[in-house]
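Colleague: Please put the model up, and then I will ask about its domains, their contact and the sheet.

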Amino acid sequence: MDLLHVVGARPNFMKAAPVHRALSTHKGVRQTLLHTGQHYDVNMSDIFFQELRMPAPDINLGVGSGSQTQQTAAIMLGFEGALATAKPDVVVVYGDVNSTVASAMVCAKSGVSVAHVEAGLRSFDRTMPEETNRLLTDQLSEYLFTPSPDGNRNLEREGIAKNKVHLVGNVMIDTLVHMLPNVPKREAMKLPENYVLVTLHRPANVDDMDWLPKMLKMLSDFSHKMPVIFPVHPRTRKKIAELSGLKLPETVKLLDPAPYMEFLALQKNATVVVTDSGGVQEETTYLGVPCLTVRDNTERPITIEEGTNILVGRDISRVESEMNKVVAGGKKTHKVPHLWDGHAAERIAAILTA
Ligand code: UD1
């Protein structure tokens, strides 16, 4: 059996690593790893391959940045040729990034089966590019691997045949469980006893040049109570650079995008995490660290229902008041969702090779 994995952007790498590893134990499976090049900075891409001990990609399309349409189209054009040469039986795609939907569309037009890892998630917010990517990829997939039962319910409502849908658990948590014993200690990282960890990169937040400076001002004020550590995505870095006259206190530490192990250590030891990322909502739920999601919706409701996540919206005063509550010791009761147990990728490999 020939399988081709498509990865392109940072959150794909930690999802593909355990699936690739699990499949490599199955005899008769040949695997090809294709990187679209959607993310290309060392800190957004190469470093993850090294840390996760993933083989270097066999193919790199090198598409780089562009508008949503340009990037999606460039991946489609590059991927069509690669697919014709590799001739896989199944293409495995991950998550909800432009690389995911672009490769799924090419497969559909070329008659190649698609397996979607992290299927069924819905924010019900069609203004998010990721929501379009999720909806289309799921419609085009033969195998839909869901991380939680809400995914199965969403797919059933959209008319997808039940026999294509498999509740397998969360592959991102597989990587977390696998790597956790090697995470650097608080002392080795020279981390303060208490701190707020911040990540922001969604266009709805960081491209809003009214909202972004207000958020940074709130974080700056708060940092006099508790330091703020903020690894900055390249998109956010560019937007912050455009804010003339912005002066952040030393208590707000802006870092380059963090490598995987370092970022896990930052999450594990944080007092509270403020984020608009999808994966961080899941990782904090597993780690039992309070998470405030600065969005109006989430495609990962189980992190709210069962985990440590609270959806605070884009309301800066609400973010601040929830930060104060956590700092004062307020903690949600929480548990780790079913099948977020470190073995999701093995279940995927068993189904694909059955
Ligand atoms: C993409 C995903 C998003 C995911 C995020 C994680 C889509 C639609 N979005 O968003 O779901 O949460 O990745 O990071 O696929 N850039 C660099 N270097 C890089 C990569 C990007 O400088 O290595 C800059 C470029 O200016 C680029 C911008 O960041 O235009 C945004 O990159 P892009 O891949 O378009 O989307 P992300 O915001 O990273």
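The questions below concern a predicted model.

Colleague: Which residue ranges make up domain 1, and how far apart are the centres of domain 1 and domain 2?

Modeller: The domain assignment gives domain 2 as 182–327. Domain 1 is given as two segments, 2–169 and 340–352. Taken over C-alpha atoms, the centres of the two domains are separated by 27 Å.

Colleague: How many residues from each domain take part in the contact, and which three supply 30% of the area that domain 1 buries?

Modeller: Domain 1 contributes 23 residues to the contact and domain 2 contributes 20. Together the domains bury about 1800 Å², with 59% of it on carbon and sulfur atoms. On the domain 1 side, the three residues that supply 30% of the buried area, more than any other three, are Asn43, Glu51 and Trp340.

Colleague: How many salt bridges are there between domain 1 and domain 2?

Modeller: The structure as a whole holds 22 salt bridges. Arg300 forms one with Glu118, where the closest N and O atoms are 3.1 Å apart; the cut-off is 4 Å, so this pair qualifies. Between domain 1 and domain 2 the count is 3.

Colleague: Which helix holds the salt-bridge partner of Glu299?

Modeller: Glu299 forms a salt bridge with Arg134, and their closest N and O atoms are 3.2 Å apart. Glu299 lies in the loop between β12 (291–293) and α13 (302–305), 165 residues from its partner in the chain. Arg134 sits in helix α5.

Colleague: On the side of domain 1 that touches domain 2, which helices each supply at least two residues, and how many residues there are charged?

Modeller: The rule finds 6 residue pairs in polar contact across this interface. On the domain 1 side, α1 (10–23), α2 (46–51), α5 (129–140) and α6 (149–157) each supply at least two residues. By class, that side has 9 nonpolar and 4 polar residues, and the number of charged residues is 10.

Colleague: Which strands form the edges of the 7-stranded open sheet, and which residue in β5 is the bridge partner of Val91?

Modeller: The order of the sheet is β3-β2-β1-β4-β5-β6-β7, with parallel pairing. Its edge strands, each paired on one side only, are β3 (59–60) and β7 (165–167). Strands β4 (residues 90–94) and β5 (residues 113–117) run parallel and are joined by 5 bridges. The bridge partner of Val91 in β5 is Val114.

Conventions
Residues numbered from 1 in each chain as written. Predicted model: local features only at pLDDT ≥ 70, side-chain atom pairs only at ≥ 80, totals over all residues. Heavy atoms only, no water. Domains from an automatic or database assignment. Contact = heavy atoms within 4.5 Å. Buried area = accessible area lost by both parts, 1.4 Å probe. Salt bridge = Lys/Arg side-chain N within 4 Å of Asp/Glu carboxyl O. Polar contact = N/O pair within 3.5 Å; in protein donor to acceptor, adjacent residues only side chain to side chain. Helix = DSSP H or I, 4+ residues; strand = E, 2+ residues; numbered from the N terminus. Nonpolar A, V, L, I, M, F, W, Y, C, P; charged D, E, K, R; others polar. Pairing = 2+ DSSP bridges.
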